[in-house]
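Reader: Got a minute for this model? I'd like to go through the cysteines and then the chain as a whole.

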Amino acid sequence: MEIRLPSFKCLSIFLAILVLVAACVQSRAPTPVKKKGCLDCHPEMKAQLVNHKTIVHKPVAQDECLSCHRPHGIIAGAYLRSEPPGLCLQCHQDIISSLRSRYPHPPASQGKCLKCHEVHAANWSGLLKEEPQKLCLSCHSQIVKATFIHPILKDGCLQCHQPHGGNYQGGLKNQEANLCLSCHPKKKLEEKHFGFPVQNACTQCHNPHHGETKVLLRSSIHSPVTKGQCKACHLGSGGQPLALKAKGVALCKQCHKQERASQMHSPYKQGECFKCHTPHGSSYSPLLVSGEKELCFKCHDIKNKKAKSHHSPFIEGKCQSCHNGHVSEEPKLLIQPKDRLCLSCHNDILQAFHKHPPAQKGNCLGCHLPHEAIQKKLLSKTEKELCFKCHYNIAKEENLFSVHPPFMQGNCSGCHNSHASIQKNLLIDSPREICLRCHDKVDKELSKQGVHAPFARKQCLICHVPHASDFAFQIKGPLGMLCEQCHPKVVREIKSMPYVHPTAEEGSCQRCHNPHRSPLRAHLRKEVKDLCLDCHQEISQNWSQGVAHLPAKEIDGCLKCHQPHASPNIELLTFSFDKICLKCHQITPSLVEAHRNITPSPGSCNSCHDPHGGLDENLLWPYEHPPFAKGQCQLCHGGAK
């Protein structure tokens, strides 16, 4: 059966009819949804930030949260569109000019808007976090630390200052003189200033905020000013009463005779007095234009950003505690010779009998820098470099086999005082106390029993050297040689006897003895039996399945037959072979009978018996001569049948 598809023309007509039908059907409009604001869903935020505050940030009041926040945020927060100050300046563009002014307020120029302002609502105009006066004084607290306060401060700092910055120094709203004259009439000022028409440079003599006098004079005032002797420098008459009688240094020389010395401060030598001093008054004595630190660092760029230690006068800006501002006979304008200058403050460093020669000679700068240093304690180099510069013989000890860690690390001051000490070699304490500061575990052993005499007396240096040695644990020499100093009797035995214990012969005393402490006799590391078996394990091979020779199994049994160090007898026996067994086993009829009526010859016992143990109580060797195993002793020895 053939299926015929509709033609394209028929399909087009059908689609057109569908469109017309759909157009005749009335569509249903969607139900509108009421749009909610951010605070509709976050009522707790509204109560927290708005309801209890009198000033509301405009976007918050108008429910325009999205002007600052992203509409969806990120997980765990509705994030800001950008960070302050960029976000704030999008609306507050009038502040940009203040930020670009000559003297911007540091928090504003650093973009720290939130240091002073709230973001949603506040109780003070400008969304300030606190009352403007308190807010300013939270950083500028020194302003109110004086007996007298400038009355205008009661009206607030913003009477004179711009909050974000301005083109006048200190962020002032106007020139200094104009601000002062706005409250202090010219006529009254002239009366207070000895008839001189003073109208400028008010803050040279007066502190604009506070002072210890009612007129808020600065702490350092030029003597003629305090005495009202203005004519000492100014004409005081004619058309220019404030004109100077002379220019520059010539005026200063009328009262201050120029000092002469081999070393002269460049500004002083060139007569640039006003480069460092003000002519009327200052908060910095003597009439300095700023604090010593700021003033000196303006020309002397000696600050090291990598420095880790600083001389207190330097970091505090007390330059004149070491240097003279004008002239000196000493290099660097020092106030006294350098070999005495440091000791004028640090005189306690030499209060001891033994003195470090460089310190005694005042050569402090041989090791220290005067201002600041990368190394601790103002050292010019590392301790190791400085000490080894003079103590080069000790420096060679670094190449020895066993090096004391503090010495290897260059921590010389861990044991030595670099200036003076009551101990020899400039030690910071007695040698024994110094050792125990680090070796505290050893210190705990001193309270226990069996302490080696030198160790009990904490005489560490009898055996050890402090820096380095060619022997382990920094001992002075071969251990046998050290022990010989106190134990000559043992040494004589070792040297005179034909048979010597190998361990004793090689001087390895520590293999058996603990050099510091042991509760066992002779400071042994273990009980005698256990100590011997560490090396002679074959002796006990038959003990577990057989029978031990009773003396051998006793704790100190080994010493009943053997000497520990040396002996005239083979096997380090205490007696010769023909006597050693007879100490316990006498030749009696019963003994002869046990040996098939053959009398054993002294010294032949170990030809049949193991002196330490055997498979049975006879202690016979496990491998026997066949006639002997069959009891046919007469074949070799004869004797009765």
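Reader: Is cysteine 342 buried or partly exposed?
Author: Cysteine 342 is partly exposed, as its relative accessible area is 26%. Keep in mind that this is a predicted model.

Reader: How many disulfides does the structure hold?
Author: Zero. Cysteine 342 is in no disulfide, and its nearest cysteine sulfur, that of cysteine 364, is 3.8 Å away. The cut-off for a disulfide is 2.5 Å between the sulfur atoms. Cysteine 205 is in no disulfide either, with the sulfur of cysteine 230 as the nearest, 8.6 Å away.

Reader: And cysteine 205, buried or exposed?
Author: Buried, with a relative accessible area of 13%.

Reader: Where does cysteine 65 lie?
Author: In the loop between α4 (58-61) and α5 (86-89). Cysteine 65 is buried, at a relative accessible area of 17%.

Reader: What does cysteine 65 touch?
Author: Leaving out residues up to four places away in sequence, cysteine 65 touches Cys38 and Pro59. Its C-alpha atom is also 8.6 Å from that of leucine 39, and the two residues are 26 apart along the chain.

Reader: Switching to the whole chain. How many helices and strands?
Author: The chain has 34 helices and 20 strands. Its radius of gyration is 50 Å, well over the 26 Å that the globule rule gives for 641 residues, so the chain is more spread out than a compact globule.

Reader: What does the C-alpha trace span?
Author: About 155 × 130 × 50 Å along the principal axes. Buried residues make up 25% of the 641 residues.

Key
Residues numbered from 1 in each chain as written. Predicted model: local features only at pLDDT ≥ 70, side-chain atom pairs only at ≥ 80, totals over all residues. Heavy atoms only, no water. Helix = DSSP H or I, 4+ residues; strand = E, 2+ residues; numbered from the N terminus. Buried < 20%, exposed > 50% of the residue type's maximum accessible area, 1.4 Å probe, protein only. Contact = heavy atoms within 4.5 Å. Rg over C-alpha atoms; globule rule 2.2 N^0.38 Å.
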